[in-house]
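Visitor: I would like a close look at a single part of this model, followed by whatever surrounds it. Please start from one residue and work outwards.

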Amino acid sequence: MELLARLRSGDEQAFIILVRRHHAAMLRLAATFVPSFAVAEEVVQDTWLGVLRGISAFQGRSSVKTWLFRILVNRARTAGVRERRAVTLGEEPAVDPARFDQAGQWASPPQHWAEDADDRMQAAKVADRIRSAIEDLPPRQRRVVTLRDLEGLGSAEVCSILQISAANQRVLLHRGRSRLRQLIETEFGRI
Amino acid sequence: MQVNLRPRSRDLACQQAVELVTDYLEDALSHPARRRFETHLAGCPHCTEYLAQMRATIKLTGQLTPADLSPRMQEELIALYRRWKDEPRTE
């Protein structure tokens, strides 16, 4: 709240702090709604302007982050390709069915992951791959995974920001995380 | 000691268990479903490993650091802020 009070009173430094804290995340989220990075940048700039104009109306009922992201999603939806509401979620198994036997038991079970916490090269490589794997997730999974696991928001906040049901949020999170696990396993699991 | 790993019909198959991992971590399973899941884990080292991998995946994702703001973008935003400050207020 302190930061917002400073912002309301016209403190430019407070704005810079807020921008530094949230801009990159907002850009990432915007990019899941619009066709190009340039449009995402426009949407985020437009959001900041909306934030400044609406600053006196902010009640503090949600966190600043949730408030920012909600404004962003509203604008991104307007700028982006209209999505059908209530998209049906098709089947998407967490694990390749070929890895189970007919009884549904593991035929090709997951191997224990080597702990390479000390290996910085390895850690940097994994981080790079996860980053690009997140980029490759379908947009709705990417939004949820980014907000939950990268930004560390809670499920209620994410549902409120994206205007989706708790059940849909869980399905999207499950699929996104399952894909990421699969990728890490494929690339780094058998060290 | 002989451990019987063959599933009884009421038990979860591994293929079903992996689909419940997120609901489990989100605490969204009903009480009986949670118990069934945990019973399965207790007898299945592979699904236990799978759960550990999902937790590791979440942790690795959480460790990513967001990209820094480019100087150009920062300049643009400061300019935007100054424009806003100069806007007439209706209060």
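Guide: Start with Asp46(A), which counts as partly exposed because it has 18 C-beta neighbours inside 10 Å, where a residue needs 20 or more to be buried. The structure is a predicted model, and its scores are ipTM 0.81 and pTM 0.81. Asp46(A) sits in helix H3 of chain A. Its C-alpha atom is separated by 21 Å from that of Pro139(A), and the two residues are 93 apart along the chain.

The helix that holds Asp46(A) spans residues 37-54, and its axis comes within 9 Å of the axis of H2(A), with a crossing of roughly 125 degrees. H2(A) is therefore oblique to H3(A). The crossing of these two helices is right-handed. On the H2(A) side the contact is made by His23(A), Met26(A), Leu27(A), Ala30(A) and Ala31(A). H3(A) contributes Phe37(A), Ala40(A), Glu41(A), Val43(A), Val44(A) and Thr47(A). By class, this contact has 8 nonpolar, 2 polar and 1 charged residues. As background to such lists, an α-helix has 3.6 residues a turn, so residues three or four places apart point the same way.

H2(A), residues 12-31, also packs against H4(A), residues 64-79: their axes come within 10 Å and cross at roughly 35 degrees. This crossing, too, is right-handed. From H2(A) the contact takes His22(A), Met26(A), Leu29(A) and Ala30(A). From H4(A) it takes Lys65(A), Leu68(A), Phe69(A), Leu72(A) and Ala76(A). The residues of this contact divide into 7 nonpolar, 1 polar and 1 charged. Met26(A) and Ala30(A) thus appear in the contact with H4(A) and also in the contact with H3(A).

Pro139(A), used above as a distance marker for Asp46(A), leads to another helix. H6(A) covers residues 139-150 and is mostly covered, with 11 of its 12 residues buried. The buried residues of H6(A) include the charged residues Arg140(A), Arg142(A), Arg143(A), Arg148(A) and Asp149(A). Gln141(A), Val144(A), Val145(A), Thr146(A), Leu147(A) and Leu150(A) are buried in H6(A) as well. After H6(A) comes Gly152(A), with a positive phi near 75 degrees.

Now the whole of chain A. Its secondary structure comes to 8 helices and 0 strands, and the pattern along the sequence reads α-α-α-α-α-α-α-α. Chain A has 191 residues, of which 36% count as buried. Of the contacts in chain A between residues at least 6 apart in sequence, 63% join residues at least 24 apart.

Chain B is the partner. It has 91 residues, 20% of them counted as buried, arranged as 5 helices and 0 strands. Along the sequence, the pattern of chain B is α-α-α-α-α. The mean pLDDT of chain B is 85, and 82% of its residues reach 70 or more. Confidence in chain B is highest in H2(B), at 97, and lowest in H5(B), at a mean of 85.

The contact between the chains takes 42 residues from chain A and 34 residues from chain B. On the chain B side, the elements that give two or more residues are helix H1 (14-17), helix H2 (21-25), helix H4 (45-62) and helix H5 (71-86). H4(B) supplies the largest share of that side, 11 residues. The side of chain B that touches chain A divides into 19 nonpolar, 9 polar and 6 charged residues.

One residue of chain B can be set beside Asp46(A). Leu41(B) is found in helix H3 of chain B, residues 31-43. Leu41(B) is partly exposed, because 18 other C-beta atoms lie within 10 Å; that is also the count given for Asp46(A). Leaving aside its neighbours within four places in sequence, Leu41(B) is in contact with Cys47(B), Thr48(B) and Leu51(B). Tyr81(B) is 40 residues from Leu41(B) in sequence and 54 Å from it in space, C-alpha to C-alpha.

Technical notes. Residues numbered from 1 in each chain as written. Chains lettered and ligands numbered in written order. Predicted model: local features only at pLDDT ≥ 70, side-chain atom pairs only at ≥ 80, totals over all residues. Contact = placed C-beta atoms within 7 Å. Helix = DSSP H or I, 4+ residues; strand = E, 2+ residues; numbered from the N terminus. Axes fitted to C-alpha atoms, helices over the stretch in contact; angles between N-to-C directions. Left-handed = near helix turned anticlockwise from the far one by under 90°. Parallel < 35°, antiparallel > 145°, perpendicular 65-115°, else oblique. pLDDT = per-residue confidence, 0-100.
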